[in-house]
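Subject: Structure for your review

Dear colleague,

I am handing over the structure we spoke about, and below it you will find an account of what was found in it. Please read the text with the structure open beside you.

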Amino acid sequence: MRGPQRGRAAARSPLVFCNNRALTERLTLLLNRDEPDFAYFAAAARRVVSYGEGAGADVRLEGVTSDPGGVAFMATSGNERVAARLPVPGRFNAWNALAALAAAREVGLPLAVGAARLATF
C-alpha cells in the first residue's frame, strides 16, 4: 500500500500507528478480518488475532439478530461455538462483543465464559 492509500488506512485504524517497527513487531494485534485494510496492518505485527464474519477469521460472528431488547449472535472459534446475547440492541454491538470475546480467548478465557459475562453488560 502506497501514498494516499496508506495514509487512509492508518487514519482509519483503531491503532495508534507509530511507525515504530520494533514496537509493532512485538505486538499481538486484534484486527477485524473483514476490513479492507486488514492485510496492511497484519503485515506489521508479530501475531494477529482476527474476528469477523468471513471464513478466515479466528473468531467468527454468525446469525446476528437484533430487537429493541438486545442483540443475539453465535460466536465460533475452532471447535468452540456459543450463543451470546447482549441486553443492548444494534448489530455494531455484536461486532464489539465479538472483538472482546476474541481478546478474552487470546488470554485463555473460553468463549462460553466470555459470552456469559457479556449477557450482564
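In this model, β3 and β4 run antiparallel and are joined by six bridges; please keep in mind throughout that the model is predicted. The connection between β3 and β4 is a hairpin that passes through two residues, and within the pairing T65 stands opposite A72 of β4.

On its other pairing, strand β4, which covers residues 70-77, meets β5 in the antiparallel sense over seven bridges. Two of the residue pairs can be named here: F73 has A84 in β5 as its bridge partner, and V71 stands opposite L86 in β5. The hairpin of β4 and β5 has two residues between the strands, and in that hairpin G78 takes a positive phi near 60°.

These pairings belong to an open sheet of five strands, in the order β1-β2-β3-β4-β5 and with mixed pairing. Its edges are formed by β1 (28-32) and β5 (80-86), each of which pairs on one side only, and the average turn between neighbouring strands of the sheet is 20°, with direction ignored. As general background, strands of a sheet pair through backbone hydrogen bonds, in either a parallel or an antiparallel sense.

Helix α5, made of residues 111-118, lies across β3 (59-67), β4 and β5, and its direction is at about 5° to that of β5. As for the cover of β4, this strand is mostly covered, with seven of its eight residues buried.

Which residues does S77 touch, leaving aside its neighbours within four places in sequence? S77, which is found in strand β4, is in contact with D58, V59, R105 and L111 once those neighbours are set aside. One of these, D58, also offers its backbone oxygen, which the side chain of S77 reaches at 2.9 Å. S77 has a relative accessible area of 4%, and because the cut-off for a buried residue is under 20%, S77 counts as buried.

Turning to the aromatic residues, the structure holds two aromatic pairs. In one of them, the rings of Y40 and F41 have their centres 4.8 Å apart and their planes at 75°, and because planes over 60 degrees apart count as edge-to-face, this pair is assigned to that class. Y40 and F41 are both buried.

For the chain as a whole, there are five helices and five strands, and the elements follow one another from the N terminus as α-α-β-α-β-β-β-β-α-α. The protein chain has 121 residues, of which buried residues make up 37%. Among the contacts in the protein chain with a separation of 6 or more, 35% are accounted for by residues 24 or more positions apart. Finally, the accessible surface of the protein chain comes to about 7,000 Å², and carbon and sulfur atoms hold 55% of that surface.

With best regards

Notes
Residues are numbered from 1 along each chain as its sequence is written. This is a predicted model: local features need pLDDT of at least 70, side-chain atom pairs count only at pLDDT 80 or more; totals for chains, interfaces and linings use all residues. Side-chain values use heavy atoms; hydrogens and water are left out. Two strands pair if DSSP finds at least two bridges between them. Helices (H or I, at least four residues) and strands (E, at least two) are DSSP runs, numbered from the N terminus. Axes are lines fitted to C-alpha atoms, for helices over the stretch in contact, and angles run from 0 to 180 degrees between N-to-C directions. Contact means heavy atoms within 4.5 Å. Buried means under 20% relative accessible area, exposed over 50%, partly exposed in between (1.4 Å probe, protein chains only). A polar contact is a pair of N or O atoms within 3.5 Å; within protein, one must be able to donate a hydrogen and the other to accept it, and residues adjacent in sequence count only if both atoms are side-chain atoms. Rings of Phe, Tyr and Trp (its six-membered ring) pair if their centres lie within 6.5 Å; planes under 30 degrees apart count as stacked, over 60 as edge-to-face and the rest as tilted. Accessible areas come from the Shrake-Rupley method with a 1.4 Å probe; for residues, only the protein chains shown count as cover.
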